[in-house]
Amino acid sequence: MEFIIAESTEDMSRRAADHIAACLQADPDCVLGLATGTTPIGLYAELVEDCAEGKVSFAGVTTFNLDEYRGLAPEHDQSYRYFMKKHLFDHVDIDQARTHVPEGANPDAHAVCAAYEEAIAAAGGVDMQLLGLGPNGHIGFNEPEDTFPAATHCVDLTQSTIEANSRLFECIDDVPRQAYTMGIGTIMAARSVLMVVEGAHKAEIVKKAFFGPVTPQIPASILQFHQNVTVIVDPAAGELCRDKA
Ligand code: GLP
């Protein structure tokens, strides 16, 4: 694992964008796994700029997002499909037909999850998976549990995640209680992983996830077993790991 404490939050975004740009340059037809949340917004903005300047192209790229709220249609302004269009897809030269987000509006969990796994396999698997880190150590929407869920599945969100994400909704009652998410197995099958983390409120969980015991109670800790992981954190999120970087 490569663990990098960036000089600033902007530096974290720039470095992460450079990492993704390098993947695109090495393989213009690559399959990217993408993430939502506040943390990747800056790096998507950098990539939009890079694309406008002709430094990168998404023309051949296929994407799979980690997760989607169950019950939200793509047009809902808190759906992850909407987020991706707003921050990336609508501003780069990507073929939107090759962008995938679990079908939140379809209540048939079994069908949605099976189709998602099939689509990832048909695309040849994910080359580079971008991840954020939930305050409780979740990745995608894989919440702390007794086991690591393998494949894409429907999850009941924990109260702490509902509370953390309620800042983006009008009120907490509007936050969906369930989501579709790639499983830990799906994420671990990616050929490489890039995680970005920002903020002092994540400092403790960063230390536990990357330098503590591997446990399904901290889902991100499994990444310690992945062979090609880069973690880029901002100074606040890296505060308790200064001796490790
Ligand atoms: C959500 C997403 C995760 C994301 C996490 C952290 O719950 N499902 O994929 O990594 O939030 O988001 P933020 O970057 O806003 O802290």
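The largest pocket in this predicted model is lined by 33 residues. Among those 33, Thr-36, Gly-37, Thr-38, Tyr-80 and Arg-167 lie nearest the centre of the pocket. The volume of this pocket comes to about 620 Å³. Sorted by class, the lining breaks down into 14 nonpolar, 13 polar and six charged residues.

Which elements each supply at least two residues of that lining? The helices α3 (80-87) and α5 (159-165) do, and so does the strand β4 (67-69). Helix α3 gives the most, putting five residues into the lining of the largest pocket.

And what takes up this space? The largest pocket is the space taken by the ligand. Around the ligand there are 14 residues, and the ones that come nearest are Thr-38, Thr-39, Asp-67, Arg-167 and Lys-202. Two of these names have already come up, since Thr-38 and Arg-167 are also listed among the residues nearest the centre of the pocket. As for the make-up of the shell around the ligand, its residues split into three nonpolar, eight polar and three charged.

A few polar contacts can be picked out one by one. The side chain of Asp-67 has an N or O atom 2.8 Å from a nitrogen atom of the ligand. Oxygen atoms of the ligand turn up in two other pairs: for Arg-167, an N or O atom of the side chain is 2.9 Å from a ligand oxygen, while for Asn-165 a polar side-chain atom lies 3.2 Å from one. How much of the ligand does the protein bury? Taken alone, the ligand exposes 390 Å², and 94% of that is buried by the protein.

Put together, the picture is of a ligand in the largest pocket, with Asp-67, Arg-167 and Lys-202 included in the set of residues that come nearest.

Note on methods. Residues are numbered from 1 along each chain as its sequence is written. This is a predicted model: local features need pLDDT of at least 70, side-chain atom pairs count only at pLDDT 80 or more; totals for chains, interfaces and linings use all residues. Side-chain values use heavy atoms; hydrogens and water are left out. A residue is near a molecule or strand if one of its heavy atoms lies within 4 Å of it. A polar contact is a pair of N or O atoms within 3.5 Å; within protein, one must be able to donate a hydrogen and the other to accept it, and residues adjacent in sequence count only if both atoms are side-chain atoms. Accessible areas come from the Shrake-Rupley method with a 1.4 Å probe; for residues, only the protein chains shown count as cover. On a 1 Å grid over the protein atoms alone, a cavity is a set of points where a 1.4 Å probe fits but cannot get out, and a pocket is an open set with protein on both sides within 12 Å along at least five of seven lines; lining residues have an atom within 4 Å of a point. A molecule sits in a cavity or pocket if more than half of its atoms lie within 2 Å of its grid points. Ala, Val, Leu, Ile, Met, Phe, Trp, Tyr, Cys and Pro count as nonpolar, Asp, Glu, Lys and Arg as charged, and the others, Gly among them, as polar. Grid points are joined across faces, edges and corners, and a volume is the space filled by probe spheres set on the points. Helices (H or I, at least four residues) and strands (E, at least two) are DSSP runs, numbered from the N terminus.
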